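Hi everyone, thanks for making time. I'd like to walk you through a structure that's probably new to most of you, so let's put it on the screen.

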Amino acid sequence: MDSTVIAAIVSVLGAGFLAMLFFFMRGIRADIADLRSEIRSLRTEMQAEIAALRAEMRAEFAAVRAEMQAEFAAVRAEMQGMCSDISELQQTVARHDGMLSQIGLQNGTAD
């Protein structure tokens, strides 16, 4: 074969290879652009979901906090009632001790 024919064949094959390479590179570039847009949309969706979860968690925490405060207020009120009952019992015991002491003094016996 003549060297010009070989050179022409190599040139045609080289040009064909470069054309295929260019075609595949354009396809890869389009795929990468599609992936970028999908990643952006996924990021936007995730950020929206995270924001919704944060708002939901804040609402749940606020509800739990309000419920706990109400329970603590009820416990405090109950304890205050118990303290006043104990105070009344102490006064009654002191009054009874005083009466028993007077009865003991009247009968001539002292504690």
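**A quick tour of the chain**

Let's start with burial: of the 111 residues in this chain, just 1% count as buried. Keep in mind that we're looking at a predicted model.

So what is the chain made of? There is one helix, and there are zero strands. That helix, α1, covers residues 3–107.

Now for the overall dimensions. Along its principal axes, the box filled by the C-alpha atoms is roughly 150 × 25 × 5 Å. The radius of gyration is 46 Å, whereas a compact globule of 111 residues would come in near 13 Å. If you'd like a feel for that along the chain, take Asp2 and Ala73. They sit 71 residues apart in sequence, and their C-alpha atoms are 104 Å apart in space. Ala73 belongs to helix α1, and its relative accessible area is 41%, so we call Ala73 partly exposed: above 20%, but not over 50%.

Okay, on to the surface. The chain exposes about 10,200 Å², with 65% of that supplied by carbon and sulfur atoms. One spot I'd point you to is a nonpolar surface patch made by Phe17, Leu18, Met20, Leu21, Phe23, Phe24, Met25, Ile28 and Ile32. Together these residues have about 960 Å² of accessible area.

Let's zoom in on a couple of its members. Phe17 lies in helix α1. Is Phe17 buried or exposed? Exposed, because its relative accessible area is 53% and the cut-off is over 50%. Phe23 is exposed as well, at 59%.

Last stop: how many aromatic pairs does the structure hold? One. The partners are Phe23 and Phe24, with ring centres 5.8 Å apart. Their planes meet at 65°, so this pair counts as edge-to-face; the cut-off for that label is over 60 degrees. Both of those residues are on the list for the nonpolar patch, too.

That's the tour, thanks for listening.

Note on methods. Residues numbered from 1 in each chain as written. Predicted model: local features only at pLDDT ≥ 70, side-chain atom pairs only at ≥ 80, totals over all residues. Heavy atoms only, no water. Patch = residues over 30% accessible without salt bridge, like charges linked within 9 Å, V, L, I, M, F, W, Y side chains within 5 Å. Areas by Shrake-Rupley, 256 points an atom, 1.4 Å probe, with all protein chains shown as cover. Salt bridge = Lys/Arg side-chain N within 4 Å of Asp/Glu carboxyl O. Helix = DSSP H or I, 4+ residues; strand = E, 2+ residues; numbered from the N terminus. Buried < 20%, exposed > 50% of the residue type's maximum accessible area, 1.4 Å probe, protein only. Phe/Tyr/Trp six-rings, centres within 6.5 Å; stacked < 30°, edge-to-face > 60°. Rg over C-alpha atoms; globule rule 2.2 N^0.38 Å.
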